[in-house]
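Here are some exercises to work through with the structure open beside you. Try each task before you read its solution.

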Amino acid sequence: MTISLAMLLGVQSLHLSKAGLAETTWHHDINWVAVTELEDPQRFLNGGELVLTTGMRLRSAPEQRRFVRQVQRAGAVGIGFGTGLTHDDVPPALLAEANRWGLPVVRVPYETPFIAIGKLVADAQSADHVAKLERLIAGHQVLARALLTGGGLTQLLKHLGGMLRTDIALTQFTALLYNSSPEHPSARTWASYPIPTGRRDACTLWVRLPFEDSGIISYAQNLISVELNNMVKQRQSQRALCGQVLEDVIHGALETSEAQRRLAGVGVNSTRRNVVLLAVSAAHHKALVSTSVPQSLENAVAAVVGQDLVVVVHDDGSGATELARQLSSHLAEAGIHATIGIGGAYTKPNGLRWSYFEARDAASHGLPVNEPERLSLTSLLLASEDVPLADMANESLSPLRTFDATHGSELMATLESYLNHNGSVAAVAEALTLHRNTVRYRLAQITELTGYDPSLTADRVQLWLALAVTRLGARQV
């Protein structure tokens, strides 16, 4: 271990004695021993030194006082004054100034060479350095073993907290992955260390102040980074597996008993009520399918269906909206701009299908969090694989798309606006900045090309359904 002035005086062979009254840095570690006969050694000191001098150039009281002030400003822990050479004893002016500034002074007798003090301090520092290295290596082994033996991040962080004798927390955007304290970490009372992973799900290691870091935190950062990358790969594999099961259920490709069995195999109990949360992000779909979820959804089943993230939550519907908001906030903090659709709460595999299509229908509304339209006509028809809805929609709208592409017209936009404005020609004209006669002319073209008259209720339903299916079909699994 390192040595202090108080410990140095305890070494009988040095015959050192205390001079003066100051004890401010009496128990501080001595970083080094500096031997000097300069009048102003301040620029050669880094702080923490024991300054040894015989006072060869300190003849007058002003010189002695100035020397003390320079040493104190440099941050030295004390002065060792060699007696019996230039001065028979420590000069009174030097002692008085040292007492004034709280700087301890040690009397070094003539028979004690300065090199003996320097060697003793150097040996103590070397032993302390070796001990720290041994503790660091042992700490490395403990942390690595925690991961290699299957303990995961939790065991690693528990051991790290024990080594640092303080609380440890690990956050991943809005998710709190681990916390040994009931207090949420903050920059005011905790130190933060970023964990680089090269992915969007990088997290932060928090260590409650105060603590002493011997280098173990840096090693822990590397281990956590490796484990997080492993967790991402595991997450991707698990979500792909769950996605295969959900796709079969959504497509109605399984008998009820087989669907229940396979859903149970990925953690979904279809005898209970479940809600589907669907996260959609055209711009960030690659990051979306592998990113983490908030802590509130840790026990939910996450899957990748197409380019979307599907989260199946056991819920009666009362908590789904809040969970969707938490998911939206978590993704936003991760830099992923996503739209969340919420499905209904149903039992059985067919109920899961309905919830999925309701969530997909809701996500098409485009808000950050979208409530479901319970048992909407579109969702129910999409959930039925026996209805060739996509073919019907394409047959109805294909003539309009072709005409628009050939003539640069906007019949599709006009139709959608007309349906959204509940058949009001005036509202369409205002929305599209057109004359009402232009709107009527376009509606007549739509009738001629499709065979459906938007002004008739039955035909309007057909066209509305075709548009709805087209909009959702772009996301068809």
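**Exercise 1. Find which residue is the bridge partner of Thr-171 in S9, then work out how S9 is paired with its neighbours.**

Step 1. Keep in mind that this is a predicted model. The bridge partner of Thr-171 is Thr-204.

Step 2. Now look at the strands around that pair. Strand S6 (residues 168–172) pairs with S9 in the antiparallel sense, over four bridges.

Step 3. S9 has another pairing, with strand S8 (residues 190–195), also antiparallel and over six bridges. Here Trp-190 stands opposite Arg-208.

**Exercise 2. Decide whether strand S9 is largely enclosed or open, and say why.**

Step 1. Count a residue as buried if its relative accessible area is under 20%.

Step 2. Five of the six residues in S9 (residues 203–208) are buried, so the rest of the structure largely encloses this strand.

Step 3. Check one residue of the strand, Leu-205. Leaving out residues up to four places away in sequence, Leu-205 touches a list that includes Leu-157, Leu-160, Ile-168, Leu-170 and Ile-224.

Step 4. Leu-205 also belongs to the largest nonpolar core, which has 23 residues, and is among those touching the most other members. H4, H5, S6, S8, S9 and H6 each supply at least two residues of this core. Helix H6 (216–250) gives the most, with six residues.

**Exercise 3. Find the salt-bridge partner of Arg-208 and say where each residue sits.**

Step 1. The side chain of Arg-208 meets that of Glu-183 in a salt bridge, at 2.9 Å from N to O.

Step 2. Arg-208 is in strand S9, while Glu-183 is in the loop between strand S7 (175–179) and S8, so the pair links distant parts of the chain, 25 residues apart.

Step 3. How accessible is Glu-183? Its relative accessible area is 29%, so Glu-183 is partly exposed.

**Exercise 4. Now place the salt bridge between Glu-322 and Arg-325.**

Step 1. The closest N and O atoms of the two residues are 3.8 Å apart.

Step 2. Both residues lie in helix H9 (residues 320–333), three residues apart, or about one turn of the helix.

Step 3. Glu-322 counts as partly exposed at 42% relative accessibility, and Arg-325 does too at 45%.

Step 4. How many salt bridges does the structure hold? There are 11. Among the residues involved in salt bridges, Arg-69, Glu-97 and Arg-100 are linked in a network.

**Exercise 5. Thr-25 and Leu-85 both sit in loops: is each one buried or exposed?**

Step 1. Thr-25 lies in the loop between strand S1 (17–19) and strand S2 (32–35). With a relative accessible area of 12%, Thr-25 is buried.

Step 2. Which residues does Thr-25 contact, beyond its neighbours within four places in sequence? They are Leu-5, Val-77, Gly-78 and Pro-104.

Step 3. Leu-85 is in the loop between strand S4 (78–82) and helix H3 (92–101). At 54% relative accessibility, Leu-85 counts as exposed.

Step 4. Leu-85 joins Met-56 and Tyr-110 in a nonpolar surface patch, and together they have about 360 Å² of accessible area.

**Exercise 6. Give the order of the five strands in the open sheet and name its edges.**

Step 1. The order is S11-S12-S10-S13-S14, with mixed pairing.

Step 2. The edge strands are S11 (301–305) and S14 (369–370), each pairing on one side only.

Step 3. Look at the S14 edge: strand S13 (residues 339–342) pairs with S14 in the parallel sense over two bridges, and Gly-341 stands opposite Asn-370.

Technical notes:
Residues numbered from 1 in each chain as written. Predicted model: local features only at pLDDT ≥ 70, side-chain atom pairs only at ≥ 80, totals over all residues. Heavy atoms only, no water. Patch = residues over 30% accessible without salt bridge, like charges linked within 9 Å, V, L, I, M, F, W, Y side chains within 5 Å. Areas by Shrake-Rupley, 256 points an atom, 1.4 Å probe, with all protein chains shown as cover. Salt bridge = Lys/Arg side-chain N within 4 Å of Asp/Glu carboxyl O. Buried < 20%, exposed > 50% of the residue type's maximum accessible area, 1.4 Å probe, protein only. Pairing = 2+ DSSP bridges. Contact = heavy atoms within 4.5 Å. Core = buried A, V, L, I, M, F, W, Y, C linked by side-chain atoms within 4.5 Å.
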